[in-house]
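This briefing looks at charged and aromatic side-chain contacts, and at where in the chain the partners of each contact lie. Please read it alongside the sequence and the model.

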Amino acid sequence: ASYLASVSGNVELTVSLGSINQTASIEVVASDMSFGIGEVTSELYNDLADSGKTAEYVAQAYGVMGAKTTRIWIYQGYFFGADENDNIWLNSSNVAKLHNYLAELKANGVVNIIGTFCEYLKPYNFNQSIKDGVGKGTSVPLPTDDNYKAFLNMNTAAYYLLAREFPEIVYWEAGNEPSMSQWFHDKDGNAIAAETTAQIVADYCFAARKGIKMASDLNKLLTPGLVDGKDLNAFLGYLYDYIESNETSSDPDDYFDYLAWHPYPHATTDGTVTNFTSKEKALYAIVNQRDAGKQVIYTEFGFSDSR
C-alpha cells in the first residue's frame, strides 16, 4: 500500500516489515491528492477479497485514516456485456454495487476517485488462445490486426458509458502496467515489443479520452500506470515519437491529461531518497522536454527491502 500523510509539517512515520521497524521524520505538504489508498471490496471482487471487506468496512477505514483519494479497479468483464456484433451494455446489478461503494466513500470523506481499467474489451472475432486466468482480459489486438480499429471503437464506447454512469469518477486510468507482459500481451499471451506497445497505448488513450470527454469535459485521462523499472525512459521516447508523427493528432493533450507512474524503488539501486528522486527527475526531464508541464500521478507507489 502507499501512504502519504494528508497533513502539513513534520510527521513521524513508522514502517514495519516483519521484525523490522524504522521511524523517520518527513516533511509533508498538504494536498487533497497526497494520501491515497487502493483496496478491493468483497462485493466488487469476491475472488480477491475476504467476505469481511465490505464497501462499508473499506470506506470507513479510509475515513479513519484520513484518505482523500482512492483508486478503483474496473474489470470490464464484470461491468459490461457484449454481443457478436460488438454492441456493449452495462451490467446493471454490478453497476449498482459500484454506486453503493462510491456513496460509502463520499460519506467517509473521499473526494478524488481514480477509475482504473484493468482489462480490455475486444471484438467478438478476436480469437485469443487464452480462455481463462489472469491473461484472459489483458490481451490486445496488434495495430496490424483487422479488428484493431473495432477494438479502439469498443473501448471509446466503454469509457463513455462508465463515465456517464459515474460522474463522481473524474480521473480515469487507461490500463495497468503495459510494460509487464502478464498485464499486456497479444492474443496468445506473448509480450509485445516496446515500440508497438507505445503505439497501442497512445491509440488506446486517444480512444479512451474521447469517450470520457463525450460524457463530461471535466473528466481527465491518465496513461496506464507505467513501471519506471522497466525501461520507462525508452518507452516514453517511443510514446512521444508516435504521438508527434501521428496524423490524427500530434498534440499529447489529445491523448492524456496526466501520466501515471508506478515507482517501486529497488532496495539495492534506489535505496536512498537521493537515488530515488534523482531517477524520477531524470525520467521527468524526458516528459518535460516533449510535453512541457504535464503532471505525473503515482497511482501505485511503495518501498520495500526486497525489490
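**Charged and aromatic contacts**

Aspartate 257 counts as buried, its relative accessibility being 17%. The model in which this residue is described is a predicted one. Across the structure there are ten salt bridges and 13 aromatic pairs, and the points below take up several of them in turn.

**The salt bridge of aspartate 257**

- Aspartate 257 meets arginine 209 through their side chains in a salt bridge, with an N to O distance of 3.1 Å.
- Because arginine 209 belongs to helix H5 (residues 194-215), while aspartate 257 sits in the loop between helix H6 (232-245) and strand E11 (259-262), this pair ties together parts of the chain that are 48 residues apart in sequence.
- Arginine 209 has a relative accessibility of 15% and counts as buried, and aspartate 257, at 17%, likewise counts as buried; the cut-off that applies to both is under 20% relative accessible area.

**A salt bridge between two helices**

- Aspartate 241 and arginine 290 form a salt bridge in which the closest N and O atoms are 2.6 Å apart.
- Since aspartate 241 lies in helix H6 and arginine 290 in helix H7 (residues 273-290), the pair ties together parts that are 49 residues apart in sequence.
- Aspartate 241 is partly exposed, with a relative accessible area of 43%, and arginine 290 also counts as partly exposed, at 24% relative accessibility.
- Elsewhere, Arg71, Glu173 and Glu300 are joined into one network by salt bridges that share partners.

**A salt bridge within one loop**

- Lysine 53 and glutamate 39 are joined by a salt bridge between their side chains, with 2.9 Å from N to O.
- Both lysine 53 and glutamate 39 lie in the loop between strand E3 (36-37) and helix H1 (55-65), so their contact ties together parts that are 14 residues apart in sequence.
- The relative accessible area of lysine 53 is 18%, and this residue is buried, whereas glutamate 39, with 31%, is partly exposed.

**Aromatic pairs**

- Among the 13 aromatic pairs of the structure, phenylalanine 117 and tyrosine 159 form one that is stacked, with 3.7 Å from centre to centre and 10° between the planes.
- This stacked pair links distant parts of the chain, as phenylalanine 117 is in strand E7 (residues 112-117) and tyrosine 159 is in helix H4 (residues 148-165), 42 residues apart.
- Phenylalanine 117 is buried, with a relative accessible area of 0%, and tyrosine 159 counts as buried at 0% relative accessibility.
- In another pair, the ring centres of tyrosine 240 and phenylalanine 256 are 6.2 Å apart and the planes stand at 70°, which means that the pair is edge-to-face.
- Tyrosine 240 lies in helix H6 and phenylalanine 256 in the loop between H6 and E11, so this edge-to-face pair ties together parts that are 16 residues apart in sequence.
- Tyrosine 240 counts as buried at 0% relative accessibility, and phenylalanine 256 is buried as well, with a relative accessible area of 1%.

**The aromatic cluster**

- Ring pairs link Phe117, Tyr120, Tyr148, Phe151, Tyr159, Trp172, Phe184 and Tyr204 into a cluster.
- Phe117 and Tyr159, the partners of the stacked pair, are among the residues of this cluster.

Technical notes:
Residues are numbered from 1 along each chain as its sequence is written. This is a predicted model: local features need pLDDT of at least 70, side-chain atom pairs count only at pLDDT 80 or more; totals for chains, interfaces and linings use all residues. Side-chain values use heavy atoms; hydrogens and water are left out. A salt bridge is a side-chain nitrogen of Lys or Arg within 4 Å of a carboxyl oxygen of Asp or Glu. Helices (H or I, at least four residues) and strands (E, at least two) are DSSP runs, numbered from the N terminus. Buried means under 20% relative accessible area, exposed over 50%, partly exposed in between (1.4 Å probe, protein chains only). Rings of Phe, Tyr and Trp (its six-membered ring) pair if their centres lie within 6.5 Å; planes under 30 degrees apart count as stacked, over 60 as edge-to-face and the rest as tilted.
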